[in-house]
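This report goes through one protein structure, from a charged helix end to strands, rings and salt bridges. Please keep the structure in view while reading.

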Amino acid sequence: MKVPAIFASIISLLLFSTLVYADIDTKALNIIRQSDDVRSPNKPFRYTVTVLEYKSGETKPVNKQILDISMRFLKPENGIEADARSLARFVYPPKDKGKVMLSNWYDLWFYTPQLRRPIAISRSQRLLGQISNGDVIVTNFEYAYNSKLLGEEPCGKTVCYKLALERKSPEVTYPKVTYLVEKGNFRPYKASYFSLDNKLIKEVAYQNYKPLLGKDRPAKIIVVDARYSKGYSVMEYSDVRFESLPLSHFTKEYIQRGGS
């Protein structure tokens, strides 16, 4: 029996839609969403991050830097448009006071009183030790990467989902990530970042979970850079609080005025 052209078109569209939907790993997407919610809330917030650099075999840091960071990350819901901006003010050492970093999605600018105007900088540029500029700013994995669930594997005293992430656009700093998320509570456990040719760039471990902004969140992140393996760096989070700054604060004009 010959199928009318209009019905043939509908059937083709349904088949295409099914194939596209099948290409999306919905379980992986759900895991990423819930782990993102553990890493940061869907509300503007502010925190202090202390960055410490350690040499191999040493227990005292050789370098220290402190930043005061305001995050405005919002997923679209209830008519609210998506937003991803941050304002990072340098607090310590004293010689760095007055320096400011501003991000708007994947664009990043730096300003210091010695400059006439803010300049564009790379998120992958080293800030201190194994920490890059982009590492101190919370990244939303759901927006940045396509995800695929590879299976499960032991991690510490529990079991983790193992996911493969591939960036959605060249603006994302790291092309590929192997991501371990604890089964049951969706806590991020470890992220291994890779280059396009599958060379390991750095490994990030999420530790010291404690109640922060209504949920247990990691208060300590350890970073080991495969390219600079003679030590490691630590990011410690404190003074975490909800705070909504005006949009005007997240502009190049504002940071040029000091961004305080």
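Arg-39 lies in helix α2, which covers residues 26–39. The model is a predicted one. With a relative accessible area of 15%, Arg-39 is buried, because the cut-off for that class is under 20%. The side chain of Arg-39 makes a polar contact of 2.9 Å with the side chain of Asp-36.

**Helix α2 and strand β14**

Asp-37 in helix α2 has a partner in strand β14: Lys-215, 178 residues apart from Asp-37 in sequence. The two form a salt bridge in which the closest N and O atoms are 2.4 Å apart. Lys-215 counts as partly exposed at 30% relative accessibility, and Asp-37 counts as partly exposed at 31%.

Strand β14 spans residues 215–225 and also holds Arg-217. Which side chain of opposite charge is nearest to Arg-217, and how far away is it? It is Asp-37, at 5.2 Å. A salt bridge needs a nitrogen and a carboxyl oxygen within 4 Å, so this distance does not qualify. Arg-217 is therefore buried without a salt bridge, given that its nearest opposite charge is beyond the cut-off. A polar atom of the Arg-217 side chain does lie 3.0 Å from the backbone oxygen of Val-38.

**Strands β1 to β4**

The next part follows strands in order along the chain. Strands β1 and β2 run antiparallel and are joined by nine bridges. One of the bridge partners here is Lys-64 in β2, which faces Leu-52. Lys-64 also lies over the face of Tyr-92, at 5.4 Å from the ring centre.

Strand β2 (residues 63–74) pairs with β3 in the antiparallel sense, over nine bridges. Among the partners in β3 are Asp-83, paired with Leu-74, and Arg-89, paired with Asp-68. Asp-68 and Arg-89 also belong to a network of salt bridges, together with Arg-46 and Glu-243.

Strand β3 then pairs with strand β4 (residues 100–104), antiparallel and over five bridges. Here Arg-85 has Asn-104 in β4 as its bridge partner.

How many residues of these strands are buried? In β2, ten of the twelve residues are buried, so that the strand is mostly covered. In β3, which runs over residues 83–92, eight of the ten residues are buried. In a regular strand, side chains alternate between the two faces of the sheet.

**Aromatic rings**

A pair of aromatic rings is described by the distance of the centres and the angle of the planes. The count for this model comes to nine aromatic pairs. Tyr-54 and Tyr-232 form a stacked pair, with 5.0 Å centre to centre and 10° between the planes. Tyr-54 lies in strand β1 (residues 45–55) and Tyr-232 in strand β15 (residues 231–242), so the pair ties together parts that are 178 residues apart in sequence. Tyr-54 counts as buried at 11% relative accessibility, whereas Tyr-232, at 28%, counts as partly exposed.

Phe-141 and Tyr-179 form an edge-to-face pair, with 4.9 Å centre to centre and 85° between the planes. Phe-141 is in helix α3 (residues 141–144) and Tyr-179 in strand β11 (residues 176–182), 38 residues apart. Both partners are buried: Phe-141 has a relative accessibility of 2%, and Tyr-179 has 0%.

Ring pairs also link Phe-45, Tyr-47 and Tyr-237 into a cluster. A charge over a ring is found at Phe-242, where Lys-43 lies over the face at 5.3 Å from the ring centre.

**Salt bridges**

Side chains of opposite charge can pair when their charged atoms come close. The structure holds 17 salt bridges, including the three in this table.

| Positive residue | Negative residue | N to O distance |
|---|---|---|
| Lys-215 | Asp-37 | 2.4 Å |
| Lys-99 | Asp-96 | 2.9 Å |
| Lys-190 | Glu-203 | 3.3 Å |

In the pair of Lys-99 and Asp-96, Lys-99 is partly exposed at 23%, while Asp-96 is buried at 4%. Lys-190 and Glu-203 meet in a salt bridge at 3.3 Å. Glu-203 lies in strand β13 (residues 200–212) and Lys-190 in strand β12 (residues 188–194), so the pair ties together parts that are 13 residues apart in sequence. Glu-203 counts as partly exposed at 27% relative accessibility, and Lys-190 counts as partly exposed at 27%.

Notes:
Residues numbered from 1 in each chain as written. Predicted model: local features only at pLDDT ≥ 70, side-chain atom pairs only at ≥ 80, totals over all residues. Heavy atoms only, no water. Buried < 20%, exposed > 50% of the residue type's maximum accessible area, 1.4 Å probe, protein only. Helix = DSSP H or I, 4+ residues; strand = E, 2+ residues; numbered from the N terminus. Pairing = 2+ DSSP bridges. Phe/Tyr/Trp six-rings, centres within 6.5 Å; stacked < 30°, edge-to-face > 60°. Lys NZ or Arg CZ within 6 Å of the ring centre and 35° of its normal. Lys, Arg positive; Asp, Glu negative; His and termini not counted. Polar contact = N/O pair within 3.5 Å; in protein donor to acceptor, adjacent residues only side chain to side chain.
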